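Me: I am new to this structure. Please take a close look at one helix, and then connect that part to the rest in plain terms.

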Amino acid sequence: MLKKLFGSVREYKKPTFITLFFIVLEAIIETLIPFITANLVNSIKEGSQVIDIVSTGLLLVLMACLSLACGGIAGFTCSKASAGFAKNLRNDMYDKIQSFSFANIDKFSSSSLVTRMTTDVANVQMSYMMIIRTAVRSPLMLIFSVIMAFVMGGSLAFAFIAVIPVLGLGLYAVARKAMPAFRRVFKKYDNLNESIEENVRGARVVKGFSREEYEIGKFDVSAKEICSDFTRAERIVAMNTPLMSLCIYFINVVILLIGSQLAISTGGEGFDVGQISALLSYGMQVLMCLMMLSMIYVIITMSSESMKRICEVLDEVPTITNPDSPIYEVADGSITFRGVSFKYSIDANRFALENIDLDIHSGMTVGIIGGTGSSKTTLVQLIPRLYDVTEGSILVGGVDVRDYDLDTLRGNVAMVLQKNELFSGTIKDNLKWGNENATDEELVEACRLAQAHEFITTFPEGYDTIIEQGGTNVSGGQKQRLCIARALLKHPKILILDDSTSAVDTRTDALIREGFRSYIPSTTKIIIAQRISSVQDADMIIVMNNGRIDQVGTHEQLLNTSEIYREVYQEQTSGSYRDFDTVGGEAK
Amino acid sequence: MSKQPPKAMPNGAPSRKPPMDLKALGRLVKLLFTYYPVLIPLIIVCILFSAGAAAIPDIFIQKVIAIVAKYQPTMDLAGATAELVPQILFLVGAYAISLVAVVVQAQLSAIVTQGFLYKMRKDMFARMQRLPVRYFDTHKHGDIMSTYTNDIDTIRQLVSQSLPTAIRTLSVVVFVLCVMLYYSVWMTLVILAGVLVMSVVSKKIGGGSAKYFMRQQQSMGKTEGYVQEMMNGQKVVKVFSHEGKSAREFKAINEELFDDAYKAHAYANTLGPIIMNIGNILYVIVAVAGGLFLTLGAPNLSISGLAFEISIIVPFLNMTKQFTGNINQLSQQINSVVMALAGANRVFDLIDQQPETDDGYVTLVNVEVDEEGNIVETDKRSNIWAWKHPHQDGTLTYTLVRGDVRLVDVDFGYREDKTVLHGVSVYAEPGQKVAFVGATGAGKTTITNLINRFYDIADGKIRYDGININKIKKDDLRRSLGIVLQDTNLFSGSVMDNIRYGRLDATDQECIEASILVGADDFITRLPNGYDTLLSNNGANLSQGQRQLIAIARAAVADPPVMILDEATSSIDTHTEAIVQRGMDKLMEGRTVFVIAHRLSTVKNSDVIMVLEKGRIIERGSHDDLIEKKGKYYQLYTGAFELE
């Protein structure tokens, strides 16, 4: 997992290594500083010449400057390395997601992808920074300090050896105990936030039922629970500070007690006041290092969850890729299904589509009707290879769809999705998704065909009207027509509308279909609809039921042959179904 | 979401601009003291104790070294030990006190921090629940959520880390300063000069760091927004083979984020080494100055009256380290303080929002009607409701709830300068169905928003059973009005919990009966755990039609005399559609109903149809009346059918 992740460091390896180099240098200097200060202290005490004091002082200043330079450079490069690593991770994930097929996309919810690319990456960035700054430095400083302590204090340094394992184990135990407690709390915390979100989103429901006080009471219970759980976890962690203090105090007392006796009994030979103060400094350093190490342990364990979630995205294998020697030309808009069966995942025990055989000639208008779960959408999604068939094959223009270059295939098979999206930007920007180089005339033409031109021109800004995120400032019917225009701009050989006019009134719907007939006669049109009126004039209507083709025929034929079709037709013409609002909405 | 008033409102407009405001800090501290009048001072005392204990050892070190210097020439160990032991014991005593203080402080801090956050959250949530619908319509939901998550988190940092660190470091500095002055004024001045340099540098670099941290937050938001939009539309991206372009756009935004993040951390990361090494240099300066004073035999100026000696200089060197370390710690908190203040501002902004006002005094009560036709209030659930109306002259009248709702000449605008409803009058007699028909934005939803007082009218009047709805307590008014919205909102919990949401004291049996009535029971019993099936994420595991059925059952349990229905427009298949429709029809039986109609059958079966255009009712009447009139409605109706 780590290897996969660190693969994204790339060009930031250099600042990473520079950081490590300077950190090591800084650590060495920092451990030397107390050593030299000890000399300084001793020489002051012995009443040495001012010149000696000054020269030792200058040496120290020089070292401080070096240490500052090293620390400064390392601080800079490590920021660059970690921010760059995060940037690469985000780019890699984004690129990866772009290569996802529909099957891959279905696996991750969009909100989870957002969290992975933001919060999770931020966590990894922080721990990477911690690791390169302290993971090398702390053990190094620890070892240096202990060595120096022995050099200066001799056997007195055994006080350190006694304290280190006690503190190390103590810190580890605290971290070990606190971790699961924290994980539990975080889970509850997520739930709390979810319920807040429900209340924000459902404010009208809460108020409509006068449930404000009830919700406050419910919130209070879970918030209290989180408070007490969190407190418990933090109180475990809060043992770190006293533990540290205890060890520092112990070392200080031992050094002062034994050190002073030593200094007296040896008469200052080899062990003196300077050594005492140096040992005190080293003691501090050792403890800081251990503290840092325990922090690293906590941070790494905390971010390991994030690492796992990032790797899940990076490790995902796109289920659909370009063939080795792809075909770049689509001959015509004919479509053939040969014994096609399909299931969404290999483990699924039920086929979503079974044994589909179909022949659609180029330029035909084909309607598809069927209830929810009858796999209408599934059927058409196989044509532009949004999913691959499980068994059988699909030919477009006489060639298996799996042999085409993906961009070529999808450029020629335009699909207007059921759950469609506009993106923030102008109407023009959105339309140009269909064809980046489209001229204004082409845009207008496509919009006329999709019956969108008229309402666009009523906007003060016309084609330059800004669409808000999610397309919230246009009505459902307007959004659908813009999406159709966007698809038309591709000049596709096959046009698939997946329930794309459900919010458009029947008259406009008919005008759109009429336009298709007269302006793009050679394009194969496949229309999935809930309304019989949307498909009844098609050359061929497919009635789907439970993943199978129930009947194929024209409107008149199906009224005789298909019970399902007849039922739907009767239900709709009896007037219980027709969508009224949009009629009012779109009428002039 | 489709039916919300325009986002940009004068008083709403989400502004996440962080003003540097020390008032927020003051208010936070004041709140801390109000919530924890005992614990907070106790914590401060503990911090002071441990800070003191951190300074005291320097005095002992000085004494110990003085003893060493005294006995070293004679190597009189016994004499030295006799003097040493009491000193060391004192030290151990001081340490013990400090240890106790540290333990108490750390434990109390954990309690106070979490408790404080709990209280903040509770205050926020309680205030939020009491805000008018306008607040939710004019603030981005993501921004509101971020107040609960990110902003609260910055406050956690402040309370648990930054504030204690500030108190501790500042008090250590003061203690140490006193000890310094006790030994030598001259040396103290040397150190203070160094500290001055450090604080100037901290301010400069820390300020830069804070600036870039803010920028980083902004670019993070921008990146998040872009990713969110693209992830939602990922399938469209695939269909249009737009992957390459979308990746290029992302790289540009990502690069900006990198730039800000890199700078923010670079400032923060270099600050530490700079302060520490200024400290090292200061150490040397102090040592050299001390050495000079010592060798030159300069006269000392001090509180203690001690002359320059090695036993003064060594602790001074230690104190220099302490000073530096503490200032370094303080400077590391600058970022979190700045972010916490911005966060606290947003939290207070939410808490300070004006809650929904309610001057209503007419309440909804259960009553019984005795043989003589007198209305008597009762505690039992009698299924007969009445408005309890206290009058100014002290009399009390009861009016039976019938469901007669009248809007007379109502004007309304979401903004004062833009009226969206003009002179709307609607009369609904008990049991009547009133259908609203018209284009998106014609004002259908707006009218229903006024009836349950999600918004208040600008002009005109609304009467419920003859009572001005402004006189009715909002809770009671809304309890008497059921709503089924276009967008179904369910809550985490079981299916049963969600149905019971309509009436909290409903028994399981009543909930199941309501489900059976509206035709939801069939699919619920087929769920893996039936009525106990847990829903999360707004019922993501259910189909749209199923969610609607639960919402209808929820309204049925409430059993209100008046219903407001907003039919869903989104297409669900004919079969489910028919079930939902039947459920709706059941729900409408025997009630006054306002329905924003999308289905012809609903419109046809209504007693009165209101055709709305641009905030005005342009036609009204029954289906047959309107057809006969051959006006707008007729055009809509026939125009649609001609084409089939």
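Reply: A residue is called buried here if 20 or more other C-beta atoms lie within 10 Å of its own, exposed if 12 or fewer, and partly exposed in between. The model is predicted, and every value below is computed from it.

The part to look at is helix 17 of chain A, which covers residues 476-488. How far apart should the ends of its 13 residues be, at 1.5 Å a residue? The expected span is 18 Å, and the end C-alpha atoms are 19 Å apart, which agrees.

Is this helix enclosed or open? Twelve of the 13 residues of helix 17 of chain A are buried, so the helix is largely enclosed by the rest of the structure. The buried residues are Gly477(A), Gln478(A), Lys479(A), Gln480(A), Arg481(A), Leu482(A), Cys483(A), Ile484(A), Ala485(A), Arg486(A), Ala487(A) and Leu488(A).

For the wider setting, chain A is divided into domain 1 (2-315) and domain 2 (335-586). The centres of these two domains of chain A, taken over C-alpha atoms, are separated by 56 Å.

Chain A also touches chain B. Their contact takes 133 residues from chain A and 136 residues from chain B. On the chain B side, helix 8 (residues 243-296) gives the most, with 27 residues. By class, that side of chain B has 72 nonpolar, 47 polar and 17 charged residues.

Chain B has its own domain assignment: domain 1 (22-351), domain 2 (363-400) and domain 3 (405-642). The C-alpha centres of domain 2 and domain 3 of chain B lie 28 Å apart. Six residues of domain 2 of chain B are in contact with eight residues of domain 3 of chain B. On the domain 2 side, strand 1 (363-369) and strand 3 (385-390) of chain B are the elements that give two or more residues. Strand 3 of chain B supplies the largest share, three residues. That side of domain 2 of chain B has three nonpolar, three polar and no charged residues.

Chain B also offers a pair of packed helices. Two packed helices are described by the angle between their axes and the distance between the axes. Helix 2 (residues 39-71) and helix 5 (residues 141-183) of chain B pack at an angle of about 35°, with their axes 8 Å apart. The crossing of helix 2 of chain B past helix 5 of chain B is right-handed. From helix 2 of chain B the residues that meet helix 5 include Ile44(B), Ala51(B), Gly52(B) and Asp58(B), and among their partners in helix 5 of chain B are Pro164(B), Arg168(B), Ser171(B) and Phe175(B). Divided by class, the residues of this contact are 13 nonpolar, two polar and two charged.

Two residues of chain B have an unexpected backbone sign to look up in the model. Asp409(B) has a phi near 50°, a positive value in a residue other than glycine. Asp409(B) is found in strand 5 (residues 405-412) of chain B, and is exposed, with 12 other C-beta atoms within 10 Å. Lys614(B) has a phi near 45°, likewise a positive value in a residue other than glycine. Lys614(B) sits in the loop between strand 15 (608-613) and strand 16 (616-621) of chain B. Lys614(B) counts as partly exposed, because it has 13 C-beta neighbours inside 10 Å.

Note on methods
Residues are numbered from 1 along each chain as its sequence is written. Chains are lettered from A and ligands numbered from 1 in the order in which they are written. This is a predicted model: local features need pLDDT of at least 70, side-chain atom pairs count only at pLDDT 80 or more; totals for chains, interfaces and linings use all residues. Helices (H or I, at least four residues) and strands (E, at least two) are DSSP runs, numbered from the N terminus. The expected span of a helix is 1.5 Å times one less than its number of residues. Two residues are in contact if their C-beta atoms, placed from the backbone, lie within 7 Å. Ala, Val, Leu, Ile, Met, Phe, Trp, Tyr, Cys and Pro count as nonpolar, Asp, Glu, Lys and Arg as charged, and the others, Gly among them, as polar. Domain bounds come from an automatic or database domain assignment. Axes are lines fitted to C-alpha atoms, for helices over the stretch in contact, and angles run from 0 to 180 degrees between N-to-C directions. A crossing is left-handed if the near helix is turned anticlockwise from the far one by less than a right angle, and right-handed if clockwise.
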